[in-house]
Amino acid sequence: MSVELIGVLIAVVAVGATLAGLMLTGQRAIRTELATQRREFGAELAEQRRELAAQRRDFSAELAAQRQYFDERFAALEQRFTALEQQIAELRERMAHLEGLLDGLREAIAIRQGAA
């Protein structure tokens with residue numbers, strides 16, 4: 001082998017080793033950056049989950065309060081409708097009584113006019 005060939009081989013090996021070192025260093029930096037981003041993403045995800053859980057609790061509490069409010073309002077309306085139905089039933093009875101009296105009065109008048 002000639003000296004020039006040995007020099008070229010050494011240069012090629014040196015360049016290959018240098019490129020391999022640069023690639024390994026770059027990959028290590030990329031791995032470190034990815035690990036950092038994963039940790040940051042995990043922390044942000046955990047924070048988002050906490051916020052979502054807090055919002056869910058707030059929403060549930062607000063929904064329960066509104067449900068209780070509407071249940072109370074519905075109960076009050078139900079009582080009012082029951083009272084109204086009772087009043088209407090009483091009015092029906094009174095009207096039926098008045099109709100009976102009017103029928104009796106009509107018959108009494110008809111009998112008097114027939115006898116006269």
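What percentage of the 116 residues in the protein do buried residues make up? In this predicted model, the answer comes to 0%. A residue has to fall under 20% relative accessible area to count as buried, and that cut-off is handy to keep in mind for the residues discussed below.

The overall fold is quick to describe. The secondary structure amounts to 1 helix and 0 strands. With a radius of gyration of 48 Å, against the 13 Å that the globule rule gives for 116 residues, the protein is more spread out than a compact globule. Put the C-alpha atoms in a box along the principal axes, and that box is roughly 160 × 25 × 10 Å. The accessible surface adds up to about 11,000 Å², and carbon and sulfur atoms account for 63% of it.

Now for the beginning of the chain. Helix H1 runs over residues 3–115, and serine 2 sits in the segment before it. Serine 2 is partly exposed, because its relative accessible area of 39% falls between the 20% and 50% limits. From the C-alpha atom of serine 2 to that of valine 15 is 20 Å, with the two residues 13 apart along the chain. This end of the protein also carries a nonpolar surface patch of about 510 Å², built from Met1, Leu5, Ile6, Leu9 and Ile10. One of these, isoleucine 6, belongs to helix H1 and is partly exposed at a relative accessible area of 38%.

Next come the charged pairs. Side chains of opposite charge can pair when their charged atoms come close. How many salt bridges does the structure hold? The count is 2. In one of them, glutamate 47 meets arginine 50, with 2.9 Å from N to O. These two residues are 3 apart in helix H1, so about one helical turn separates glutamate 47 from arginine 50. Glutamate 47 itself is partly exposed, its relative accessible area being 33%.

Another salt bridge links aspartate 103 with arginine 106, and here the closest N and O atoms are 3.1 Å apart. Again the spacing is 3 residues in helix H1, so aspartate 103 and arginine 106 lie about one helical turn from each other. As for their surroundings, aspartate 103 is partly exposed at 37% relative accessible area, whereas arginine 106 counts as exposed at 53%.

Aromatic rings get together too. Searching the whole structure turns up 1 aromatic pair. Tyrosine 69 and phenylalanine 70 make up this pair, with ring centres 5.4 Å apart and planes at 70° to each other, an edge-to-face arrangement. The planes count as edge-to-face because their angle is over 60 degrees. Tyrosine 69 has 45% relative accessibility and is partly exposed, while phenylalanine 70 reaches 53% and is exposed.

Last up is threonine 82, another residue of helix H1. Its side chain has a polar atom 2.8 Å from the backbone oxygen of glutamate 78. Is threonine 82 buried, exposed or partly exposed? At 37% relative accessibility, threonine 82 is partly exposed. Threonine 82 also gives a feel for distances along the chain: its C-alpha atom is 78 Å from that of alanine 29, and the two residues are 53 apart in sequence.

How values were computed
Residues numbered from 1 in each chain as written. Predicted model: local features only at pLDDT ≥ 70, side-chain atom pairs only at ≥ 80, totals over all residues. Heavy atoms only, no water. Helix = DSSP H or I, 4+ residues; strand = E, 2+ residues; numbered from the N terminus. Buried < 20%, exposed > 50% of the residue type's maximum accessible area, 1.4 Å probe, protein only. Salt bridge = Lys/Arg side-chain N within 4 Å of Asp/Glu carboxyl O. Polar contact = N/O pair within 3.5 Å; in protein donor to acceptor, adjacent residues only side chain to side chain. Patch = residues over 30% accessible without salt bridge, like charges linked within 9 Å, V, L, I, M, F, W, Y side chains within 5 Å. Areas by Shrake-Rupley, 256 points an atom, 1.4 Å probe, with all protein chains shown as cover. Rg over C-alpha atoms; globule rule 2.2 N^0.38 Å. Phe/Tyr/Trp six-rings, centres within 6.5 Å; stacked < 30°, edge-to-face > 60°.
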